[in-house]
Amino acid sequence: MKKRFYITTPIYYPSAKLHIGHAYCTTLTDVFARSKRERGFECYFLTGADEHGLKIEKNAEKAGVTPQEFVDNIVEGFYKLWDLLKITNDDFIRTTQDRHVKVVQDIFSKMLAKDDIYLGEYEGWYCKDCEAFWTDTQVGPDHLCPDCGRPVQKAKEEAYFFRTGKYVDSLLKFYDENPKFLVPESRKNEMINTFIKPGLDDLCVSRTSFSWGIPVRENPKHVVYVWLDALTNYITALGYDSDHPEKFEKFWQDPECETIHILGADITRFHAIYWPMFLESLGLRKPDREFIHGLLMMRDSKMSKSKGNVVDPYPLVERYGVDAVRYYLAREVSFGSDGSFTPEQFVERVNADLANAYGNLLNRTISMIGKYFQGTVPAYQGTVTEFDGSLETAIEVAITEYEKAMDDLRITDAIIAVNDLVNRSNKYIDETTPWALAKDESKQAELASVMNHLARALFVTSRLYHPVLVTAADKAFDQLGLPEDKRGYENIHDKHLLDNSATVKGNPLFPRLDANIEVPFIASLMNECK
Ligand code: MSP
């Protein structure tokens, strides 16, 4: 397995505030990055903002500010949201930054010089909101945008085109040779059958109908099409074609580094078809994996800024804490499938998994160690009770399952592996009945072993939950009395880790939520329900 990772989110449009759907993508990417780093791998994590395009130009005009002022203001909100959600990105790229603009112009020039880009005239169905041209088949008899469902208009303009035909065969060969490139794999057939087989038109890569974009150096009345501009962020951020290409060499070109793009199903076409073609045109490596996640729906329709049916993550985090929101996002929707956000499920998840299962396990364990052993975890003495062995096995199974699932980007499954261990540990309390052992002088060794095993199970669950429960897991380590230097993942298999640790009673990590109060509160955050 590769030891170095480069992982990216899409760069979000600062056309309006971000919603919980964007938070979903970034949080999941962060969980993956953190889990890799905690296990000792190097992981470079990029996110950013996609700041050009007609929609932004128009929104700025409506707001009476310049496009740059408009995006500056919204991007401030991106920074705040990622701070609030404790996202650990290593860099944040903005497509209006010099480091990006200059390189995009260079890329355009290189493609022109190679004759991969030529000047022509474009006529097609244009969706203003998605800034995409569509073919007759795609818009259908009603002339509706296949992405957002809004009416599209026939549009014509002088434009530059990228010769996709030149790269189709090698793209198909690349798909064949790299069956793990697109995850889930079904996306590959969708790309081939929906877009490639019907005949891929050359891609229009410039616009003259608006000016908020990167000017084509050779012909400045054209600005670079937003998708050519946007996709290249993944390499401009690393310093491709700059005076400092070290990161680019280390995280993109070096085959020892695994490059992973995380993206929503709505933008698969651009990432799975055009991006590998652009890279090939530039003579660069293609990404190793593109992980396409499903979309978060509200009721039955996709949550989207343009439809206005969004959930704002801020009040959720303020009221329930960063851990509950991160947990909900990572656990509720199977990564890869669509899912819906509902207030009932949010409350139910927090109560069932965090308050009742995990929080309660910690509470009971710390209380019992306090009561029976004056707050000192008894030392490990091997398997003493008849149930110790099976708990030890459950611990090892959870670790293995978690690592396997996380490596495959099956983040939901990784969490379920930890939940299983929490449930197994709660069951272990019922099996060993410590309160009964405590009444019997001759059962002291058993009681001590049960406490040690529970403390260990709590360390392991907290360690594995840590990439998701970024503050609660640390509080659990505090309550277990583990000093900072003993909390690392490298101790995950150490059975003696908790020996003689001095526990500290703390507040419950996740107070139970009252559904009668919280469900209406969350519903009130969902614009659609107002
Ligand atoms: N700017 C482009 C991406 C360029 S990447 C080179 C863009 N931006 S976006 O802000 O509209 O959306 C970016 C991503 O946000 C989507 O691909 C998806 O990953 C995520 N989501 C947007 N709405 C979402 C949901 N309702 N649910 C889950 N993810 C959502 O497209």
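These notebook entries record what I looked up in a predicted model of a protein chain with a ligand.

**Entry 1: the domains**

I began with the domain assignment of the protein chain, which gives domain 1 as residues 4–293 and domain 2 as residues 341–491. I then looked up the separation of the two domains and noted that their C-alpha centres lie 42 Å apart.

**Entry 2: the contact between the domains**

How many residues of domain 1 are in contact with domain 2? I found 13 residues of domain 1 in contact with 14 residues of domain 2. The area buried between the two domains is about 1400 Å², and carbon and sulfur atoms give 67% of that area. I also asked which three residues supply the most of the area that domain 1 buries against domain 2. They are V31, E38 and R39, which together supply 43% of that area.

**Entry 3: the residues around the ligand**

I next turned to the ligand and listed 26 residues around it. Those that come nearest are I11, D50, G264, D266 and L296. Sorted by class, the shell holds 15 nonpolar, eight polar and three charged residues.

**Entry 4: polar contacts of the ligand**

I looked up individual atom pairs between the ligand and the protein. A nitrogen atom of the ligand lies 2.8 Å from a polar backbone atom of I11, a residue that I had already noted among those nearest to the ligand. For Y13, a polar backbone atom is 3.1 Å from an oxygen atom of the ligand. With H293 the partner belongs to the side chain: one of its N or O atoms is 3.2 Å from an oxygen atom of the ligand.

How much of the ligand does the protein bury? Taken alone, the ligand exposes 660 Å², and the protein buries 95% of that area.

I then recorded which elements give two or more residues to the shell: β1 (4–12), α1 (20–38), α8 (226–231), α9 (233–236) and β11 (257–264). The largest share, four residues, comes from α1.

**Entry 5: two points in the backbone**

Is the peptide bond from V183 to P184 cis or trans? I found it to be cis, with omega near -5°. P184 lies in the loop between β7 (182–183) and α7 (186–196).

Finally, I looked up H143, a residue other than glycine whose phi is positive, near 55°. H143 is in the loop between α5 (136–139) and β6 (153–162).

Conventions. Residues numbered from 1 in each chain as written. Predicted model: local features only at pLDDT ≥ 70, side-chain atom pairs only at ≥ 80, totals over all residues. Heavy atoms only, no water. Near = heavy atom within 4 Å. Polar contact = N/O pair within 3.5 Å; in protein donor to acceptor, adjacent residues only side chain to side chain. Areas by Shrake-Rupley, 256 points an atom, 1.4 Å probe, with all protein chains shown as cover. Nonpolar A, V, L, I, M, F, W, Y, C, P; charged D, E, K, R; others polar. Domains from an automatic or database assignment. Contact = heavy atoms within 4.5 Å. Buried area = accessible area lost by both parts, 1.4 Å probe.
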